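Here's a short set of exercises to work through with the structure open in your viewer. Try each task before reading its solution.

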Amino acid sequence: MTTLTLPGPLSLGLARGGTELRQFFRHKEQVVFTFSLPAVLMILLGSILDGPTKFDGVTSGQVLAAGMIGSGIVSTSFNSIATGVSADRETGALKRLRGTPMPPASYFVGKMVLVAVSSLAQTVLMATVAVLLFGLKLPSDPAKWLTLLWVFALGIVSCTLLGIAVSSLAKSATGAVAIVQMLYLVLQFISGVFVSPITNLPKVMVYIASFFPLKWICQGFRSVFLPDGAVRMEMAGAWELPRVALVLGIWCVAGAVLARLTFRWTDTK
């Protein structure tokens with residue numbers, strides 16, 4: 001008698017990720033908005049605020065662009081997942097998936113696949129624009145590419161899990177959009193994304209921003225794309241990469257706990 005071996009949660013999750021990607025790229029308006037908004041903001045703000053700094057070879061446009069590359073992956077993880085999961089819940093897609101043999105973990109693996117691919121595409125797009133328009137230089141040191149890799153990985157994992165948790169705060173996809181856009185906009189201002197260097201911000205704002213991932217993601221990306229002399233533009237006068245890893249790692253754990261405690265398959269609480 002032949003024993004039928006069912007696919008594991010990871011295999012099903014990867015397959016679900018393919019479905020998520022096809023659904024995402026099928027909605028052209030959503031794709032254009034997701035990828036174009038951070039790039040357009042970087043072009044507009046960078047062009048308006050670009051100018052020399054007191055550090056030779058570094059312009060304020062480059063400082064802003066480096067931070068906004070990091071901010072872009074928050075848009076494709078935290079924002080997109082929070083609104084996407086809320087939409088799945090509102091339309092009943094989550095309830096239908098819950099009634100299938102697919103393990104619940106596979107649904108979240110699929111979302112992670114979507115975030116990883118879209119965030120990678122967003123990073124490439126933003127970096128290309130920054131190089132062409134603001135003269136941002138790609139790192140030549142392998143250690144900086146390694147830093148880019150782990151900041152990127154920890155950033156999308158922590159923000160995706162937080163997006164799943166926040167999705168349960170809204171009763172509809174429209175409500176989720178309002179919540180995440182407000183949070184994202186405020187954090188961009190107080191994390192030094194729109195204001196460069198970050199030392200121009202009131203210290204109390206930076207202290208508040210230090211509790212959230214966005215500030216540390218942007219700081220990590222600035223350490224990758226800016227010359228070492230630009231470190232003096234940071235509040236601590238250092239890139240603080242061990243602290244970046246620690247804070248993002250803590251948020252990965254906290255995000256997983258929050259997502260586990262708050263996630264709902266249906267609108268009923």
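**Exercise 1. Work out which helix gives the most to the nonpolar surface patch, and who the members are.**

Solution. Keep in mind that this is a predicted model.
- Start with the helix: helix 5, residues 104–134, gives the most to the nonpolar patch, with 3 residues.
- Now list the members: Ile43, Val131, Leu132, Leu133, Leu138 and Trp145 make up the patch on the surface.
- Add up their exposure and you get about 560 Å² of accessible area together.
- Finally, place the tryptophan: Trp145 sits in helix 6.

**Exercise 2. Find the salt bridge of Lys111 and say which parts of the chain the pair links.**

Solution.
- The structure holds 6 salt bridges in total.
- In one of these, the side chain of Lys111 meets that of Glu20, with an N to O distance of 3.2 Å.
- That passes the test, because a salt bridge needs a Lys or Arg side-chain nitrogen within 4 Å of a carboxyl oxygen of Asp or Glu.
- Lys111 belongs to helix 5 and Glu20 to helix 1 (residues 9–26), so to speak two distant parts of the chain, 91 residues apart.

**Exercise 3. Characterise the largest pocket: its volume, its lining and the classes of its residues.**

Solution.
- Volume comes out at about 430 Å³.
- There are 21 lining residues, and Phe78, Val166, Leu183, Leu187 and Phe212 lie nearest the centre of the pocket.
- Two or more lining residues come from each of helix 3 (60–91), helix 6 (142–167), helix 7 (173–190), helix 9 (213–225) and helix 10 (241–262).
- Helix 7 gives the most, with 6 residues.
- Sorted by class, the lining has 19 nonpolar residues, 2 polar and no charged.

**Exercise 4. Check how helical two of the UniProt "transmembrane region" segments are in the model.**

Solution.
- The unreviewed UniProt entry lists several such segments, including 148–170 and 176–195.
- Residues 148–170 are 87% helix and 0% strand, with 33 Å between the end C-alpha atoms.
- For residues 176–195, the figures are 75% helix and 0% strand, and the end C-alpha atoms are 26 Å apart.

**Exercise 5. How many cavities of 30 Å³ or more does the structure have, and what lines the largest cavity?**

Solution.
- Searching the whole structure turns up 1 cavity of 30 Å³ or more.
- The largest cavity has a volume of about 30 Å³.
- Its lining consists of Val63, Ile198, Arg222, Leu226, Ala230, Met233 and Glu234.
- By class, that lining splits into 5 nonpolar, no polar and 2 charged residues.

Definitions and conventions: Residues numbered from 1 in each chain as written. Predicted model: local features only at pLDDT ≥ 70, side-chain atom pairs only at ≥ 80, totals over all residues. Heavy atoms only, no water. 1 Å grid on protein atoms, 1.4 Å probe; cavity = no way out; pocket = protein on both sides within 12 Å on 5 of 7 lines; lining within 4 Å. Points joined across faces, edges and corners; volume = space filled by probe spheres on them. Helix = DSSP H or I, 4+ residues; strand = E, 2+ residues; numbered from the N terminus. Nonpolar A, V, L, I, M, F, W, Y, C, P; charged D, E, K, R; others polar. UniProt positions renumbered as here; feature names shortened; annotations may be inferred. Patch = residues over 30% accessible without salt bridge, like charges linked within 9 Å, V, L, I, M, F, W, Y side chains within 5 Å. Areas by Shrake-Rupley, 256 points an atom, 1.4 Å probe, with all protein chains shown as cover.
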